[in-house]
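Colleague: I would like to learn how to read a model like this one, feature by feature. Could you walk me through it?

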Amino acid sequence: MADTVHNSIRTGQKTWLTLKMREMMEAWLFVSPTFIGFLIFFLGPLCAVVYYSMTEWNLLSPQATFVGLANFQNALLENPDFWLVVRNSVVFAIGLVPLNMALALALALALSRPFFGVVFFRTVFFAPVITSAIAWAIVWKFLLQGEGGFINQVLALVGITGPNWLREPNWAMAAVIVTRVIKMVGLNMILYIAALQAIPRDYEEAARLEGASRRQIFSMITWPLLAPTTLVIMVITTIGSFKVFDHIYQMTGGGPENGTLVLAFYIYQQGFKFFNVGYASALAMIMFVMIMALTLVQVMLRRKGSE
């Protein structure tokens, strides 16, 4: 009897282990396409960039020379253009992120409640998001030309002489920021609409019964409950502002007088125009660290503010 029980236990353990191994193999089989893609398209290139950042390699030369941290030293301590590029990137982010978030929240508040035509207006504001970035930049490049541009022609009708928006240093950055905001605000608007519709209406109705005004309801109920969504939008928009390339490439090419030369476009210039792959890789690593640091700071500040 004891031998029979012992054999049953051993057989059960063997069957359980076999099922567990089968489940594990099936799980790895299902995640393997994503995992392989992660290794090939993310982790592999990232390791390559780390290696190339410590080399002096011209794209036209087959040989790369290991130089250690010389590229980082050159960028941070010896190249004055680097800090100009960083300043432009920070100005672009400071101008784009608050404007994008404020406009997205305003549109979401206006379009979160059902009314006749609300779907049409949501579609209109979201349409630029799925529009080709190059096509969008080309259209705005024509609209923002000097005297022949549509914007300046409209301003001339009311007696205002508009500048050459993309050829004057004082206006080029502002023009690029505004056009980028118009293109991407629809995505953040949809995120805010989803968050607003997830807030229970009981909170608002209870506050109204207590005599709270719309402003008090927004500041004391709606805005605090939007904090998680606001954090996500802030992080995504900040990362996107530092990664902007196509807009700058098509509209200004980094000009005039390097006034819109941001870090992503500068990396492109060094790597594919001047063929300094090692230096461009070092700049990419610096941008990666900057974005990671800004993201962590935003998360900590938002978490501290929520507490």
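**Reading the model together**

Modeller: Happy to! Keep in mind that this is a predicted model. Let us begin with burial: Gln270 has a relative accessible area of 8%, and because buried means under 20%, Gln270 counts as buried.

Colleague: Where does Gln270 lie, and which residues does Gln270 touch beyond those up to four places away in sequence?

Modeller: Gln270 lies in helix H12. With those neighbours set aside, Gln270 touches Phe275, Asn276, Val277, Tyr279, Ala280 and Leu283.

Colleague: Phe275 is on that list. What is notable about the phi of Phe275?

Modeller: Phi is a backbone angle to check residue by residue. Phe275 has a positive phi of about 65° although it is not a glycine. Phe275 sits in the loop between H12 and H13, and its relative accessible area of 27% makes it partly exposed. Asn258 is another non-glycine residue with a positive phi, near 60°. Asn258 belongs to the loop between H11 and H12 and is partly exposed at 36% relative accessibility.

Colleague: What about the peptide bond from Gly255 to Pro256: cis or trans?

Modeller: That bond is cis, with omega near -5°. Pro256 is found in the loop between helix H11 (246–251) and H12.

Colleague: Let us turn to the interior. Which residues have the most contacts inside the largest nonpolar core?

Modeller: To read a core, look for buried nonpolar residues joined through their side chains. The largest one here has 47 residues, and those with the most contacts inside it are Phe82, Phe92, Tyr192, Leu226 and Leu283. At least two residues of this core come from each of helix H2 (70–78), helix H3 (80–111), helix H7 (169–198), H10, helix H12 (263–273) and helix H13 (277–306). H3 gives the largest share, 13 residues.

Colleague: Which residues is Leu226 in contact with, once neighbours within four places in sequence are left aside?

Modeller: Leu226 is then in contact with Leu105, Tyr192, Ala195, Leu196 and Ile199. There is also a second, separate core of 8 residues, which includes Trp136, Trp140, Trp165 and Leu166.

Colleague: H10 supplies residues to the big core. How can I check the length of helix H10?

Modeller: Compare an expected span with the one in the model. H10 has 17 residues (227–243), so at 1.5 Å a residue it should span 24 Å; its end C-alpha atoms are 24 Å apart, which agrees. Among the buried residues of H10 are Leu231, Ile233, Val235 and Phe242, together with Thr229, Thr230, Thr237 and Thr238.

Colleague: Now charges. How many salt bridges does a search of the whole structure find?

Modeller: The search finds 4 salt bridges. One of them joins Arg113 and Glu204, with the closest N and O atoms 2.9 Å apart. This pair links distant parts of the chain, 91 residues apart: Arg113 is in the loop between H3 and helix H4 (118–130), and Glu204 is in helix H8 (residues 201–209). Glu204 is buried at 15% relative accessibility, whereas Arg113 is partly exposed at 36%.

Colleague: Why do partners three or four places apart in a helix deserve a look?

Modeller: An α-helix has 3.6 residues a turn, so residues three or four places apart point the same way. In this structure, Glu204 and Arg201 form a salt bridge at 3.5 Å, N to O; they are about one helical turn apart because 3 residues separate them in helix H8. Glu204 also meets Arg208 at 2.7 Å, with the two residues 4 apart in H8. Arg208 is partly exposed at 46% relative accessibility. Shared partners join Arg113, Arg201, Glu204 and Arg208 into one network.

Colleague: And the outside? Which residues form a nonpolar patch on the surface?

Modeller: For a patch, look for accessible nonpolar side chains that lie together. This one includes Met24, Trp28, Phe30, Phe35, Leu39 and Phe42, and the whole patch has about 1,300 Å² of accessible area. Leu39 lies in helix H1 (residues 2–52), and its relative accessible area of 34% makes it partly exposed.

Definitions and conventions: Residues are numbered from 1 along each chain as its sequence is written. This is a predicted model: local features need pLDDT of at least 70, side-chain atom pairs count only at pLDDT 80 or more; totals for chains, interfaces and linings use all residues. Side-chain values use heavy atoms; hydrogens and water are left out. The expected span of a helix is 1.5 Å times one less than its number of residues. Buried means under 20% relative accessible area, exposed over 50%, partly exposed in between (1.4 Å probe, protein chains only). Patches are made of residues with over 30% relative accessible area and no salt bridge: like charges are joined within 9 Å, nonpolar side chains (Val, Leu, Ile, Met, Phe, Trp, Tyr) within 5 Å. Accessible areas come from the Shrake-Rupley method with a 1.4 Å probe; for residues, only the protein chains shown count as cover. A nonpolar core is a set of buried Ala, Val, Leu, Ile, Met, Phe, Trp, Tyr and Cys residues joined through side-chain atoms within 4.5 Å. Contact means heavy atoms within 4.5 Å.
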